Every structure is written in C-alpha cells, then in structure tokens.
Amino acid sequence: MPEAGPQFLCRSDDLAERGKGVGFDVLLWRQPARGFALRIDGRVVAYINRCAHVPTELDWNPGDFLDAERRIIVCAVHGAQYAPESGRCLGGPCGRGRLMPVTVSEGGGEVSWYPSRDIAPLAFDEPAPPAPPAPNTEPPAP
Ligand code: FES
C-alpha cells in the first residue's frame with residue numbers, strides 16, 4: 001500500500017515552548033489512535049499518545065503532558081517519566097520502553113506529520129463508502 005504524504009498537524013504558533021501538546025488523530029496498525037506534538041527547545045517532537053507501561057493515553061488533562069517544571073513527560077496513570085526529546089523512558093513503570101515517535105517537519109508557519117508503515121492518516125486507510133444504488137428507471141416486467 002502506498003504511503004500518504006505529509007499531513008497538516010497544526011500551525012507553528014499553536015506550539016509554545018514546553019507548552020501544551022497538540023493532539024492529532026491517526027490509525028496505528030489500522031486502529032484509531034491519537035498522536036501529540038510538543039515544542040521542546042525550539043524543535044517540534046511528536047509521539048503516539050500511548051504509554052509504554054499500559055497502552056493508555058498519557059495526558060493529565062487534554063494537552064497536559066509535561067511535569068510541573070515542564071522538563072519531562074509524565075504519564076498521568078502511574079507516573080512513568082519520558083524524555084521529551086527522545087521519548088525514552090527515564091523512570092517509573094515504563095522500564096526499557098519508549099514512546100513511539102511520529103516524524104514531523106515544520107516550515108512556512110505549519111507543522112506536518114508523516115505517515116509510515118505503522119501510522120496512517122484516518123482518511124487514507126478507510127475504505128471508500130459504497131456507491132448509492134442506481135435509480136431503477138426500467139418499467140416493471142409484465
Ligand atoms: S499507564 Fe502510564 S505509567 Fe502506567
């Protein structure tokens with residue numbers, strides 16, 4: 001299956017330095033999932049919003065991924081800690097796991113994410129709806 005091109009994620013202005021994350025919908029292994037993007041040290045990073053401990057979303061409130069000092073990503077469920085630059089587990093129940101990265105780029109005031117073998121845009125993978133039945137213009141057979 002061919003991969004789709006870059007997908008609009010948000011405007012650059014939507015991502016403040018170590019501010020709230022911006023979520024986006026994807027298909028991960030053909031199942032609906034969410035991604036999120038953060039701006040860390042000026043650079044945009046993005047991950048699938050799924051903890052390496054238990055596959056659940058990380059944010060405390062929608063878009064709140066970082067700790068009080070805004071240094072690390074902390075899972076709201078059991079407190080796993082992740083490096084925001086790499087998604088690597090720093091401590092807690094994520095063990096040797098890491099967040100699944102999503103490739104992003106920024107240019108022209110916009111941030112885009114790139115589909116991969118595992119991560120697809122929602123519309124890209126959905127089957128086309130069936131065509132409506134053609135109207136029957138033939139008179140009934142005698
Ligand atoms: S689900 Fe994230 S630390 Fe347990």
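Which residues does Ala46 touch, not counting residues up to four places away in sequence? Select Ala46 together with Gly35, Phe36, Ala37, Pro101, Val102, Val104 and Trp113, since these are its contacts once residues up to four places away in sequence are not counted; two residues are in contact if their C-beta atoms, placed from the backbone, lie within 7 Å.

Before going on, note that this is a predicted model, in which local features need pLDDT of at least 70 and side-chain atom pairs count only at pLDDT 80 or more, while totals for chains, interfaces and linings use all residues. Residues are numbered from 1 along each chain as its sequence is written.

**The nonpolar core**

Next, add Tyr47, Ala80 and Val102 to Ala37, Ala46 and Val104, because these six touch the most other members of the largest nonpolar core, which has 30 residues; such a core is a set of buried Ala, Val, Leu, Ile, Met, Phe, Trp, Tyr and Cys residues joined through C-beta atoms within 7 Å. A residue is buried if 20 or more other C-beta atoms lie within 10 Å of its own, exposed if 12 or fewer, and partly exposed in between. Strands that each supply at least two residues of this core include S2 (22-28), S3 (31-40), S4 (43-48) and S9 (110-113), and the largest share, four residues, comes from S4. Strands here are DSSP runs (E, at least two residues), numbered from the N terminus.

**The hairpin of S3 and S4**

Now show the backbone of S3 and S4, which run antiparallel and are joined by six bridges. Leu38 stands opposite Val45 in S4, and in the hairpin, which has two residues between the strands, Asp41 takes a positive phi near 50°.

**The three-stranded sheet**

Move to the open sheet of three strands, with the order S1-S9-S8 and antiparallel pairing; two strands pair if DSSP finds at least two bridges between them. The edge strands, S1 (7-11) and S8 (104-107), each pair on one side only, and neighbouring strands are turned by 30° against each other on average, direction ignored. Four bridges join S8 to S9, and Ser105 stands opposite Ser112 in S9.

**Arg11**

Finish at Arg11, which lies in strand S1 and counts as exposed because it has 11 C-beta neighbours inside 10 Å. Arg11 touches Gly109 and Glu110, not counting residues up to four places away in sequence. A distance drawn between the C-alpha atoms of Arg11 and Val22, 11 residues apart along the chain, should read 9.9 Å.

Methods: Axes are lines fitted to C-alpha atoms, for helices over the stretch in contact, and angles run from 0 to 180 degrees between N-to-C directions.
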